[in-house]
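Ever wondered how labels like "buried" or "edge-to-face" get earned? Let's take a few of them one at a time.

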Amino acid sequence: MNEQSPQDRQSSPQGFGAPEENPDKMMALHRFQATVVDFFTDGKPETKSLSLYKLLYEDQQDTEDQQKGVADGRKREFRWYHLPANNVEWVEHLHNTHRNCRGLSDEFKSAAGLTGSHDRHHSTSTSPFAFMRPMSFSFDIDTWGQKTDYDQIGIFAPYLHFETQSNFEASSASINDVLRIPSTQPNPQPHEKPKTSRQEKHHSLEAPRLRIRAKSKDIHGRLIRGYLTPVSPGEAGALQIRRTLDQYYYTHLDTSHRDKDQVVYRYSHGILCSIKPKLFMVDQLWLWVINKDSVISCAPESIDDILMGAKSSSPSLQNEPRDLLMSGAQSPPTQPVQEIPARSVSRRTRRLKSRTQERAPIPQSSASDEFPKASPDRNHRRLDVRHNIIQYLKRTTTAQIKSPYELASLIMNNCANVFDEHEIPADYQFFDFFERSISKVSDSVAQLLRSFQHTVAEGFDEVEEQLSINQETKLLVEIEDIHDELIILRMVLNDQRAVAKKLSELLDPLGYDQNKQSKAQTRLLSAKENPVLERHLQRIDMMEKMTEKTAKALRSLLDFKQKQASISGALSLVKYAKRNAQQTNEAASQGRTLTLFTVVTIVFLPLSFLAAFFAIEIDIFPVDDNGKLGLDYVLKYLLGISAGLSVPFIWVAFNLERVVQFIHVLGRLGIISSFPVGILFSVTILVPVWTSSLDSITKSGVTIATSLFVLLGILSTWLYRMVFVAREFNRSSDSGSA
């Protein structure tokens with residue numbers, strides 16, 4: 001494959017014009033501020049702040065000075081560009097404008113990590129967002145795609161930052177709103193005329209304006225709507241948003257419910273009610289050292305910083321074109337965008353700007369229509385990486401930065417020092433929030449242990465309440481949540497330390513990480529071990545041990561309660577068994593008493609009946625002269641009949657279960673069912689016989705004969721059933737064996 005030289009490529013440039021058809025991008029370009037710092041051989045660096053639109057599309061004189069290496073007539077060593085968001089499109093345009101190239105080569109994009117290659121750029125499968133893998137690397141490809149004899153540096157490093165809960169919720173709402181906007185164009189109706197290319201272009205430009213018209217005019221929302229929407233389906237947008245701790249760790253999960261329950265938020269919302277609830281955020285630093293004379297860095301800012309910057313830059317927008325600032329304005333049909341050189345773009349933009357300066361001033365769009373207003377308290381500026389670096393460069397006592405590689409180390413160290421406990425106010429001591437939250441849980445666990453000990457000693461009055469594990473479960477969930485976030489914090493800091501270590505390894509052979517100045521002066525200019533980072537990791541180690549100890553104490557308490565519940569259950573069973581035994585004894589005693597009364601009743605019931613029977617005056621009774629029955633006559637019948645009836649029934653009373661089983665057996669054999677038939681037959685025969693005038697001998701004979709006949713029939717029935725059952729059993733046995 002024949003490669004083009006830089007001269008050949010320069011002769012066929014590609015055009016990179018301003019995205020004038022997208023009002024959201026234009027508003028973001030005008031309102032977001034970039035920082036440019038020039039470093040000279042002698043004297044202090046010079047810093048200037050300008051809009052991204054001017055930096056990327058208008059600063060032609062600055063581009064020419066960049067190529068010459070001069071600024072204000074002085075020889076410049078190198079320049080630092082800082083962009084206020086992780087936006088790939090801005091980085092590419094910055095290269096195109098200030099490296100005087102008309103489009104970055106694919107080789108340079110791949111080497112610098114600006115492509116979607118799997119080794120550097122990772123896009124999650126369950127989310128439209130993308131993020132850079134943490135790494136430091138070197139490459140020897142220039143913007144034209146040619147080999148160089150020097151190494152260029154690239155850095156993608158995560159670092160901890162913060163955001164207020166209200167701003168985070170508003171930002172999430174804007175992101176969700178953007179993702180719900182349909183990007184498809186409705187199909188034309190059959191009766192409509194086919195649109196020309198000019199009409200199609202006007203329709204494609206008008207549709208986004210109509211959709212955005214109902215949206216708020218906040219600056220951060222403009223950035224999200226303009227650059228987060230993917231160019232084509234299945235791809236990530238140019239903007240890479242800030243992430244929470246859970247979004248950084250659980251990359252393939254929906255963490256919306258977890259993001260609302262961070263330890264920092266719970267502590268600042270529940271205990272420090274006087275401050276705004278905040279969240280830990282994981283930002284990314286993108287940094288490139290190009291051609292030894294340029295440093296390009298990108299790092300997102302908190303929304304309060306964005307609003308402050310937008311407010312300070314708002315006067316410069318009075319003369320901007322109305323259709324770029326008002327989202328609902330209708331733009332006239334425009335010609336298809338042609339690829340033109342950057343210089344032509346700048347001249348055309350200046351002509352457009354000069355034509356629109358005569359228009360009447362327009363009302364300023366509010367920077368916070370949707371987001372809360374920036375707080376007048378500027379303490380959070382101490383956590384702003386760009387602000388801290390600029391302040392460092394302004395101090396006369398600091399060591400002079402001699403190379404872009406020292407600047408890269410300075411930026412890396414400032415990212416690591418965001419939460420330096422010696423520099424930030426109390427409202428931002430997030431690691432202290434973790435320690436206090438752990439201490440609060442530990443104290444609650446200690447109180448529960450003491451309460452359980454007291455309850456065990458005093459005895460359990462309310463078992464269900466005193467053995468309840470509701471509080472222990474809540475505390476265990478909280479301490480495990482704290483431990484989970486500590487693991488994520490450790491991961492972020494370890495990734496950051498690994499990137500810094502790799503950067504130091506890359507700079508050591510080049511001789512740029514060795515400095516002979518004092519340690520106090522060069523601490524921020526070296527990529528070696530960062531003391532703030534190491535202190536954070538040590539505190540996390542200590543807090544992890546505290547969480548593990550607290551969780552162990554909680555589990556021990558739960559185990560004690562479980563064992564106590566088992567003991568209480570066993571004691572309850574013993575008491576229940578004792579009560580059952582006592583009740584059983586009482587029931588047996590009552591049963592014996594009832595048996596005694598039953599026997600007495602069985603004995604005296606026939607006697608009472610016979611005594612009453614003999615008391616009746618019947619003429620056939622053999623009475624004496626006084627009309628009384630003789631004792632021998634009464635006792636003979638009274639005792640004989642009573643004994644004949646009482647003895648069998650007493651035996652039945654003491655063997656009731658056996659009698660019942662015997663009756664059940666007789667019932668299964670069908671004998672019991674034969675008795676009613678026999679009795680009915682006997683009554684039918686004997687009643688007429690005994691009521692007739694036959695003599696007693698005949699009556700007795702008929703009675704005996706009838707009884708024998710009935711008994712013989714019952715026995716025959718029983719034998720028949722026994723034989724039938726035996727035959728069925730043998731038949732089933734034979735079929736089973738066969």
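## How the labels are earned

Q: Why does Trp 286 count as buried?
A: The relative accessibility of Trp 286 is 0%, and buried means under 20%, so Trp 286 counts as buried. Keep in mind as we go that this is a predicted model.

Q: And what about Trp 288: buried or exposed?
A: Trp 288 also comes out at 0% relative accessibility. With the cut-off for buried at under 20%, Trp 288 is therefore buried.

Q: How many aromatic pairs does the structure hold?
A: There are 25 aromatic pairs.

Q: What makes the pair of Phe 280 and Phe 431 edge-to-face?
A: The two ring centres are 5.9 Å apart, and rings pair when the centres lie within 6.5 Å. The planes of Phe 280 and Phe 431 stand at 70 degrees, while edge-to-face asks for over 60, so that's the label this pair gets.

Q: Where in the chain do Phe 280 and Phe 431 come from?
A: From distant parts of it: Phe 280 belongs to strand β10 (residues 278-290) and Phe 431 to helix α18 (residues 430-458), with their positions 151 residues apart. Both Phe 280 and Phe 431 are buried.

Q: Why are the rings of Trp 286 and Trp 288 called edge-to-face?
A: Their centres are 6.3 Å apart, inside the 6.5 Å limit for a pair. Their planes are at 75 degrees, and the cut-off is over 60, so this pair is edge-to-face.

Q: Which residues do ring pairs link into a cluster?
A: Here's the roll call: Phe 162, Tyr 267, Phe 280, Phe 419, Tyr 428, Phe 430, Phe 431, Phe 433 and Phe 434.

Q: How do you know that the charged end of Lys 278 sits over the ring of Tyr 428?
A: The charged end of Lys 278 is 4.9 Å from the ring centre of Tyr 428. The distance part of the test is within 6 Å, and the charge is listed as sitting over the ring. In another case, the charged end of Arg 243 sits over the ring of Phe 131, 4.1 Å from the ring centre.

Q: What makes helix α9 largely enclosed by the rest of the structure?
A: Helix α9 covers residues 219-227, and 9 of the 9 residues are buried, so α9 is largely enclosed. Among these buried residues are His 220, Arg 222, Arg 225 and Tyr 227.

Q: How do the axes of α18 and helix α22 (residues 531-614) cross?
A: They come within 10 Å and cross at roughly 20 degrees. Roughly parallel takes an angle under 35 degrees, so α18 is roughly parallel to α22. The contact of α18 with α22 has 17 nonpolar, 6 polar and 4 charged residues, and the crossing is left-handed.

Q: Why are helix α20 and α22 called roughly antiparallel?
A: The axes of α20 (residues 470-507) and α22 cross at roughly 155 degrees, coming within 9 Å. The cut-off is over 145, and α20 and α22 are therefore roughly antiparallel. Their contact divides into 16 nonpolar, 6 polar and 10 charged residues. The passing of α20 by α22 is a left-handed crossing.

Q: What about the axes of α18 and α20: how do they cross?
A: They cross at roughly 155 degrees and come within 11 Å. With the limit for roughly antiparallel at over 145, α18 is roughly antiparallel to α20. This crossing is left-handed.

Q: Why does Asn 291 count as buried?
A: Its relative accessibility is 17%, and the cut-off is under 20%, so Asn 291 counts as buried. Asn 291 lies in the loop between β10 and β11 (294-298), and has a positive phi of about 55 degrees although it is not a glycine. Most residues other than glycine have a negative phi.

Q: Is Lys 292 buried, exposed or partly exposed, and what makes it so?
A: Lys 292 has a relative accessible area of 41%. Buried needs under 20% and exposed over 50%, so Lys 292 is partly exposed. Lys 292 is in the loop between β10 and β11, and its phi is positive, near 65 degrees.

Q: What makes Pro 404 buried?
A: Its relative accessible area is 5%, with the cut-off at under 20%, so Pro 404 is buried. Pro 404 is found in helix α17 (residues 404-416). Pro 404 and Asn 291 are 113 residues apart in sequence and 9.9 Å apart in space, C-alpha to C-alpha.

Notes. Residues are numbered from 1 along each chain as its sequence is written. This is a predicted model: local features need pLDDT of at least 70, side-chain atom pairs count only at pLDDT 80 or more; totals for chains, interfaces and linings use all residues. Side-chain values use heavy atoms; hydrogens and water are left out. Rings of Phe, Tyr and Trp (its six-membered ring) pair if their centres lie within 6.5 Å; planes under 30 degrees apart count as stacked, over 60 as edge-to-face and the rest as tilted. Helices (H or I, at least four residues) and strands (E, at least two) are DSSP runs, numbered from the N terminus. Buried means under 20% relative accessible area, exposed over 50%, partly exposed in between (1.4 Å probe, protein chains only). A charge sits over a ring if NZ of Lys or CZ of Arg is within 6 Å of the ring centre and within 35 degrees of the ring normal. Axes are lines fitted to C-alpha atoms, for helices over the stretch in contact, and angles run from 0 to 180 degrees between N-to-C directions. Angles under 35 degrees count as roughly parallel, over 145 as roughly antiparallel, 65 to 115 as roughly perpendicular and the rest as oblique. A crossing is left-handed if the near helix is turned anticlockwise from the far one by less than a right angle, and right-handed if clockwise. Ala, Val, Leu, Ile, Met, Phe, Trp, Tyr, Cys and Pro count as nonpolar, Asp, Glu, Lys and Arg as charged, and the others, Gly among them, as polar.
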